[in-house]
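Reader: I would like to go through the terms used for this model one by one. For each, please set the value against the rule behind it.

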Amino acid sequence: MTQILSPDSAAAQPVTAPPAAPPAAYGARRTLAILAVILTGQFMAVLDASIVNVAIPSIRSSLHTSGAALQLIVAGYVIAYAVLLVTGARLGDRFSQRRMFIAGLALFTLASLVCGLAWNEISLIVFRFAQGVGAAAMVPQIMTLIQRNFTGNARAKALSVYSAIISGGMVAGQVLGGLIVSADVGGSSWRGVFLVNVPIGLALLVVAPRVLPKVTQRFDRKLDLAGLTMLTAAVLALVLPLVLGRELNWPLWSWISLGACVLAFAAFIGIERAVAARDGEPLFSHRVLAAPGLLLTAATLFVVMATFGGWMFVMAIHLQSTLGYSALHAGLMFIPLGVTFAIAGMNWERIPHRFHAKMIPLGLVLAAASMVAIGALLRNGADVGPLVLVLLALCGVGNGLAFSPLMTRTLAKVPMSLAADASGILVTNVQLGIVVGIASFGTLFLGLAGSTALSASHALGGTAIAEGVTVLVAAGLSARAAR
């Protein structure tokens with residue numbers, strides 16, 4: 001990589017800024033403060049991928065939005081977030097992770113404010129995309145800051161907490177969204193799910209410049225604008241018909257778009273190869289993809305988060321629309337899943353090391369069995385009882401024992417020079433998985449649901465079986481990755 005030139009050097013010799021000091025040099029309090037700041041930013045970004053789910057009925061009645069617009073409000077944030085993550089990681093290498101984290105946080109906070117003040121469906125969709133851009137600038141720096149500033153056991157623990165927050169934030173979004181909408185503070189209703197980010201973001205903007213390392217390694221990274229443009233087009237060609245197709249009765253353009261997305265992804269691969277051939281820096285470089293286990297882990301994470309994101313979305317619809325639960329009641333149902341996910345995700349290293357390779361696929365098998373059992377118990381319109389809550393907790397355990405160690409074990413093998421791009425690729429897969437999962441499993445559920453409560457209840461059972469089979473595919477991929 002080209003090194004940054006020192007502007008004051010008479011000889012104009014290439015120099016690099018020294019790496020950030022390890023946590024021991026900061027002291028325990030400084031280390032904790034760094035982790036608290038960056039992981040709070042991560043939590044806000046993940047939270048906003050799911051917090052809107054339980055606010056959908058309020059948004060519909062307040063802004064008189066169409067079903068298609070509602071789906072874009074949900075998915076628009078994650079689309080922008082996903083396709084820009086690798087570019088955000090590269091900008092962090094170029095301008096420093098500290099600067100990009102603060103810039104992304106500022107944009108995310110501002111966009112959250114204007115989302116809360118949105119006056120119609122178009123403005124809310126646009127501001128949600130802006131939120132996604134801010135998250136894409138902020139989030140990739142978090143993984144890189146952990147990789148470059150924490151070592152040994154401290155890094156492993158930080159990555160475990162990071163992984164737990166990524167998935168726990170989705171569950172927390174459902175719960176917190178229900179609390180905020182039901183509280184209706186000052187008549188804010190759905191607007192509160194966006195405005196809650198503003199005071200937290202402002203507090204972080206005050207603290208972050210004082211806490212984050214001022215000197216980190218910087219590289220004159222090249223931006224792959226052609227690759228970014230084609231990837232964006234490919235993702236939109238895939239996601240938009242999945243999100244809008246059912247609502248619009250699958251018009252011809254939706255099928256053309258799905259076919260075009262295959263060509264667009266093929267063109268993206270061609271562009272990436274061409275960029276690499278002329279010594280450029282493709283978004284998904286071969287050097288990064290060749291890191292031990294990275295490709296299989298990325299595929300596994302995609303499938304895991306597609307099923308997890310789809311399951312959360314479908315359950316939120318079922319609890320509110322089919323069973324008639326309030327936003328608060330529906331949100332509270334996810335607490336067992338969120339708590340056990342976080343506990344398993346942060347404590348899996350306590351399990352003897354010799355079991356780690358088998359733990360991941362076994363955790364996914366447990367998650368698959370739990371989903372199918374929940375679908376069977378609720379398929380006839382039954383209320384959520386103690387057994388379903390236990391199964392939700394087991395689903396959280398299974399996912400927690402898979403997601404966190406997958407991320408941690410793979411990134412531990414990635415060379416430090418590739419940390420930014422590797423983290424960007426993995427988190428991109430996580431976010432794309434969530435988008436595709438919500439669109440595909442949501443479409444399956446709504447398609448099976450029909451117009452009666454009974455058919456909607458049976459639809460949950462059918463969707464749960466599809467989700468369970470998909471998680472078993474992820475279990476097979478994870479078993480291969482472990483080898």
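Author: Accessible areas here come from the Shrake-Rupley method with a 1.4 Å probe. The model is a predicted one. The protein exposes about 18,600 Å², and carbon and sulfur atoms supply 69% of that area.

Reader: What secondary structure does the protein have, and how many helices and strands are there?

Author: There are 19 helices and zero strands. Among contacts between residues at least 6 apart in sequence, 83% join residues at least 24 apart.

Reader: What share of the residues is buried?

Author: Of the 483 residues, 55% are buried. The term applies under 20% relative accessible area.

Reader: Why is Ser 257 called buried?

Author: Ser 257 has a relative accessible area of 13%. Buried means under 20%, so Ser 257 qualifies. Ser 257 lies in helix α11, residues 252–277. Leaving out residues up to four places away in sequence, Ser 257 touches Ala 237 and Pro 241.

Reader: And Ala 291, which sits in a loop: why does Ala 291 count as buried?

Author: The relative accessibility of Ala 291 is 7%, which is under 20%, so Ala 291 is buried too. The loop in question runs between α12 (286–289) and α13 (294–322). The C-alpha atoms of Ala 291 and Thr 410 are 8.6 Å apart, while the two residues are separated by 119 residues along the chain.

Reader: Why is Trp 250 called partly exposed?

Author: Partly exposed is the range between buried, under 20%, and exposed, over 50%. Trp 250 has a relative accessibility of 27%, so it falls in that range. Trp 250 is in the loop between α10 (225–244) and α11.

Reader: What is notable about the phi of Trp 250?

Author: Trp 250 has a positive phi of about 50° although it is not a glycine. Ser 189 likewise has a positive phi of about 50° and is not a glycine; Ser 189 is in the loop between α7 (152–183) and α8 (192–195). His 64, which follows α3, has a positive phi near 55°.

Reader: Which residues of α3 are buried, and how do you know that they line one face?

Author: The buried residues of α3 (residues 56–63) are Ile 56, Ser 58, Ile 59 and Leu 63. Seen down the helix axis, they fall within an arc of 160°, so they line one face of α3.

Reader: Ile 59 also belongs to the largest nonpolar core. What makes a set of residues a nonpolar core?

Author: The residues must be buried, of a nonpolar type such as Ala, Leu or Phe, and joined through side-chain atoms within 4.5 Å. The largest such core has 134 residues. Those with the most contacts inside it are Ile 38, Ile 59, Tyr 81, Phe 101, Leu 124, Ile 146 and Leu 319. Helix α4 (residues 67–95) gives the largest share of this core, 15 residues. Leaving aside neighbours within four places in sequence, Leu 319 is in contact with Gly 324, Tyr 325, Ala 330, Met 333, Phe 334 and Val 384.

Reader: What makes Val 339 eligible for a surface patch?

Author: A patch residue needs over 30% relative accessible area. Val 339 has 44%, so it passes that cut-off, and it is partly exposed. Val 339 is in helix α15. Together with Leu 179, Leu 332, Ile 335 and Ile 343, Val 339 forms a nonpolar patch with about 390 Å² of accessible area. Helix α15 (residues 335–347) supplies the largest share of the patch, three residues.

Conventions
Residues are numbered from 1 along each chain as its sequence is written. This is a predicted model: local features need pLDDT of at least 70, side-chain atom pairs count only at pLDDT 80 or more; totals for chains, interfaces and linings use all residues. Side-chain values use heavy atoms; hydrogens and water are left out. Patches are made of residues with over 30% relative accessible area and no salt bridge: like charges are joined within 9 Å, nonpolar side chains (Val, Leu, Ile, Met, Phe, Trp, Tyr) within 5 Å. A salt bridge is a side-chain nitrogen of Lys or Arg within 4 Å of a carboxyl oxygen of Asp or Glu. Helices (H or I, at least four residues) and strands (E, at least two) are DSSP runs, numbered from the N terminus. Buried means under 20% relative accessible area, exposed over 50%, partly exposed in between (1.4 Å probe, protein chains only). Contact means heavy atoms within 4.5 Å. The arc is that of the directions from the helix axis to the C-beta atoms.
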